[in-house]
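Okay, thanks for coming, everyone. I'd like to walk you through one structure today, so have a look at the screen and we'll go from there.

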There are 4 protein chains.
Amino acid sequence: MRQIRTDLAMESFGHGGEGMPGVHVNHWEEMGVSLTEVVVETEEASRALGKAVGVYMTLECPAIRQRDLDARLAMANLLGEEMARMLPGEGEAPVLVIGLGNRRITPDSLGPQTIDRTLVTRHMFEQLPGFADERMRSVCALAPGVLGVTGIETMEMVEALVAKVRPRAILCVDSLAARAAGRIGTAIQLTDTGIQPGSGVGNHRRSLTRETLGVPVIAVGMPTVIYAATLTRDAMETLSPDTAEDDLDRVEQELLTGAQGEMVVTPREIDEIISDTAGVIATAVNRALQPDLSQEEIMAMMS
Amino acid sequence: MRQIRTDLAMESFGHGGEGMPGVHVNHWEEMGVSLTEVVVETEEASRALGKAVGVYMTLECPAIRQRDLDARLAMANLLGEEMARMLPGEGEAPVLVIGLGNRRITPDSLGPQTIDRTLVTRHMFEQLPGFADERMRSVCALAPGVLGVTGIETMEMVEALVAKVRPRAILCVDSLAARAAGRIGTAIQLTDTGIQPGSGVGNHRRSLTRETLGVPVIAVGMPTVIYAATLTRDAMETLSPDTAEDDLDRVEQELLTGAQGEMVVTPREIDEIISDTAGVIATAVNRALQPDLSQEEIMAMMS
Amino acid sequence: MRQIRTDLAMESFGHGGEGMPGVHVNHWEEMGVSLTEVVVETEEASRALGKAVGVYMTLECPAIRQRDLDARLAMANLLGEEMARMLPGEGEAPVLVIGLGNRRITPDSLGPQTIDRTLVTRHMFEQLPGFADERMRSVCALAPGVLGVTGIETMEMVEALVAKVRPRAILCVDSLAARAAGRIGTAIQLTDTGIQPGSGVGNHRRSLTRETLGVPVIAVGMPTVIYAATLTRDAMETLSPDTAEDDLDRVEQELLTGAQGEMVVTPREIDEIISDTAGVIATAVNRALQPDLSQEEIMAMMS
Amino acid sequence: MRQIRTDLAMESFGHGGEGMPGVHVNHWEEMGVSLTEVVVETEEASRALGKAVGVYMTLECPAIRQRDLDARLAMANLLGEEMARMLPGEGEAPVLVIGLGNRRITPDSLGPQTIDRTLVTRHMFEQLPGFADERMRSVCALAPGVLGVTGIETMEMVEALVAKVRPRAILCVDSLAARAAGRIGTAIQLTDTGIQPGSGVGNHRRSLTRETLGVPVIAVGMPTVIYAATLTRDAMETLSPDTAEDDLDRVEQELLTGAQGEMVVTPREIDEIISDTAGVIATAVNRALQPDLSQEEIMAMMS
């Protein structure tokens, strides 16, 4: 099976792919949000799809692009619930939230912008034990920056922190590449497989997974770009449905290796999309990690 | 002749277009920069190309995308010289520099970012006459913002200012849409035709020209986006050279009216490209408008 | 009477000043906010206080520095009501909101930051008449920047715009200097006297008043700085209550003319204070200018 | 001896203090920059001054506040030379540059802003061995953020990184508090004593020193604030030279514990001062850490 440059598991197979052995797909709708769960169960299916074995949940809601407040609230609530389900049960050890990506490159800044709005509490337990409410859970966060800015690989920095703070789980936030233009700013993927090499807008060099870090790694991300080559390929497929797969593959390959190879398609209003989605994801993170605090208490503590 | 969605006059005709009646095209190279001058001489040619009658100069230098310092300097020098040639001769009245576009939308922020680095001097003549060096020329500048932020049309604000400061010329800086991906961040266009309705990344609603404002209007801009539809069309043309023009037009049209209609292709590193080019254009503007000051004096006065 | 460097009318007289002829002072409390209305009625009182004839309303609420949400809401509501009372009755002509100050100098950026969150509607009436709800009032806004950046005086730019958009009133937002440290970030002053020369953090050069512009000018501002000289003088007065007035005046004068002359005292967290207060003032402005829209409608229209 | 709230060793004693046992002070001038070296040699002197045993070098040049280019260059050159002298000899292990402070609070953002302009190379040795020039030295950098944003103490994060990257030295950049207003933006202190608890604008909770981290720690910083209490005390001392020390101490103490306790005095143009000084310090850091690369090579590699 041909592998397509997308970070969304739900886009990694064609329409027939749902019936593929070792892959389970479920669709449903809730509060105006469309949810798709893809479970990759076998190594064979993993190789065929180019996606690690595990669970991939995608929540889609086109209305959030229109900045609809109800849609954003529904998205944040559902995402928070799914996140809470994937995270390991309670414990005293903190959850470490990692915001991947480059703050200075807008389509790669979703992770750092989400970290800015995440409630961190770990220091209160250590330094202000009287202030730390017993309903509060320990959370710490980091936007490790990018290699060219620090000279330190994200993986090294996360490993160093894991050795120091000994978290019970890691939650990574990242900007993704998608195949369908319509998913930019409207779809959020949540997975228990962590971060894989080559994925994300920044193209991570090494994996951040339970295997490499020794603790569960949940990853959440939103598509912010499409590769220009993929866009062109899919446009041609739509417009000339009778073009042979091989010809389409050749087109995509030629574009990828040509002058446009590194070109990404992104909406002009990407600044606004990133800012809005960082708000939705941070709200979900705060709810999932602080189940016993109200939204008002979380807001008050962040200010 | 088919009109293509590009703001660069040099891209508005095919290879045969150079021989078109009423259009003169010159190419030459200088200091590693490739210059193309397109002169649209007749109303007929204007209608055929979708470009106003006047002179369009494009300077191209791929090395500035690699952030080559020599290339940036060469570009700034040549652009400054051409700008000086297009501007009306000296006079006591100020030149008004207008930075079009939206500071908050990265690919549309070239104008405001250039204004930030333009040396303004008009207030020194009026308020610090002793401080104003006799070699200094009067310059004022404005980034009028966008309609949704001010409720005031750019044209209205410029008209109001023209009535107040009575400039001898206007210099507009804007982000453009191009046809060829390779021109983003590497080509700068200078024209004496001003700003036309529908042009630029922000799609201006009304024209800013000598006709509407009563003073010469020079416009300078760099492509920061390509319409996704255009990218796809051109990719298909390259890959299947035997596709009929009509089919390509149909493809582009379908894409423009589909979900991707508003999609623009922009490099991921657009933040950096805009910042670099604003520096190049501002250097050129400062040299063109202050021919008797050295680069060191200009820098010292801006700090 | 000694004149003190403060932009708050309520600080321009000592404890005995309330009984001064030609000045009326009222205090009351509402929703946890303390309100002080100073009415300067005669030219004589105006000269003595260094404040123009007119009404000055100050709303104080220390809790907003603790980022208390209820306090911010109460402040925004009361400020909006007082603003509505000062503004001239309805009409088709727009209200023009002016954000004074320099976006790049944090304590001077309250005006521009407020403009960013003001709902502008004027363009909808002109261009989208179908979209403009009949309950909507016409509003336009501008942050004119500062002289060193534009070469154009604020007064010139406002005059030019007034001639163009013919507003029925102007609302100016500015950063102020106060005398008491405790008022930074907690007090907001509203006045129908407009902006006076020498006032504000940026020290305006010319007045923006009904006399100079021909339409009512309402000004709203919050103290963001204290002059270091004033702080020292007042500290000395507190600590040595028996120091003669003349000695204190001499101290202040020596400090003002010394190396610290231009020094302002500002809390370290001024970035946060400005951002919060811009939100409070913009909420008040939007309510005062759009009395028939709900808070939800205003938010939806701004996104 | 009374201890004064300043981070500059040269301000921690009065005029008589230079003759104090265990303290050596040298003054000289070079290229328009005034240098003061304070060597605290004994534990006794350390306790008396409230400064750790070690060397403190201060470079002062009022002209850099006027943004004089020559002055900035002289400062960067001299600072780079002194830095190189304090750093341990060459080696393959990297130097780790730490930018302390809060990016969001202007007067506390000197460290993060300097990191943004520091050339990092460590990743090139590990991943692009062919690209790494043999003249290049290994450097990595981090702006660890602040506790309230990450939930992780700066000290913990630095310890974790030290264990991971095993640097041969650490160079910390921080915003300082000074006693004299004239030193804000004009004086830079360099010391081999690292960072002490309670120092800096952000008031660090734990020390970053050779003792706690196991490698040499050099600290460089510029004053960005003065405590309002100190300013007032010193103003009173200047104005009433016959006031008893005890009365002045009482004044400072009362102010520190009053409503103004946390107030800091900072120039209104602090945004600009921080940006300029970050440029000067980063230039010095890059020269000290890359002695075999030219300034042009460093600039080219950073772009």
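I'll go through a single chain, then the A and D pair, then the B and C pair.

One thing up front: this is a predicted model, so everything I quote is computed from it.

Let's start with chain A by itself. Chain A has eleven helices and nine strands. Its radius of gyration is 19 Å, close to the 19 Å that the globule rule gives for 303 residues, so chain A is as compact as a globular protein of that length. If you box up its C-alpha atoms along the principal axes, you get roughly 70 × 40 × 40 Å.

Now, the A and D pair. How are chain A and chain D superposed? A rotation of 180 degrees does it, with 0.0 Å of shift along the axis and an RMSD of 0.0 Å. The two copies are thus related as by a two-fold rotation axis. And if you're hunting for that axis on the screen, go to Ala160(A): within chain A, its C-alpha is the nearest to the axis, 2.5 Å from it.

What about the contact itself? Chain A puts in 27 residues and chain D puts in 27 residues. Of the interface residues of chain A, 100% are also interface residues in chain D, so the copies meet through the same surface. Together the two chains bury about 2300 Å², with 55% of that on carbon and sulfur atoms.

On the charged side of things, there are six salt bridges between chain A and chain D. One of them links Glu159(D) to Lys164(A), where the closest N and O atoms sit 2.5 Å apart. There are also ten residue pairs in polar contact across this interface, counting pairs with both residues at pLDDT 80 or more.

Which elements of chain A supply at least two residues each to the side that touches chain D? Those are α4 (122-127), β5 (139-142), α5 (147-150) and α6 (154-165). The one that gives the most is α6(A), with seven residues. By class, this side of chain A has twelve nonpolar, five polar and ten charged residues.

Okay, over to chains B and C. Here a rotation of 180 degrees superposes chain B on chain C, with 0.1 Å of shift along the axis and an RMSD of 0.1 Å. In chain B, the residue that comes closest to the rotation axis is Ala160(B), with its C-alpha at 2.5 Å. The same surface serves both copies here, as 100% of the contact residues of chain B recur in chain C.

In numbers, this contact takes 27 residues from chain B and 27 residues from chain C. The buried area is about 2300 Å², and carbon and sulfur atoms give 54% of it.

How many salt bridges cross between chain B and chain C? Six. Among them is Arg122(B) with Glu156(C), and their closest N and O atoms are 2.5 Å apart. Polar contacts come to ten residue pairs, both partners at pLDDT 80 or more.

As for who does the touching, α4 (122-127), β5 (139-142), α5 (147-150) and α6 (154-165) of chain B each give two or more residues to the side facing chain C. Again the element to click on is α6(B), which gives the most, with seven residues. That side of chain B breaks down into twelve nonpolar, five polar and ten charged residues.

That's it from me, happy to take questions.

How values were computed
Residues are numbered from 1 along each chain as its sequence is written. Chains are lettered from A and ligands numbered from 1 in the order in which they are written. This is a predicted model: local features need pLDDT of at least 70, side-chain atom pairs count only at pLDDT 80 or more; totals for chains, interfaces and linings use all residues. Side-chain values use heavy atoms; hydrogens and water are left out. Contact means heavy atoms within 4.5 Å. Buried area is the accessible area (1.4 Å probe) that two parts lose on being put together, summed over both. A salt bridge is a side-chain nitrogen of Lys or Arg within 4 Å of a carboxyl oxygen of Asp or Glu. A polar contact is a pair of N or O atoms within 3.5 Å; within protein, one must be able to donate a hydrogen and the other to accept it, and residues adjacent in sequence count only if both atoms are side-chain atoms. Helices (H or I, at least four residues) and strands (E, at least two) are DSSP runs, numbered from the N terminus. Ala, Val, Leu, Ile, Met, Phe, Trp, Tyr, Cys and Pro count as nonpolar, Asp, Glu, Lys and Arg as charged, and the others, Gly among them, as polar. Copies are superposed by least squares on the C-alpha atoms of residues with pLDDT of at least 70 in both. The radius of gyration is taken over C-alpha atoms; the globule rule is 2.2 Å times the number of residues to the power 0.38.
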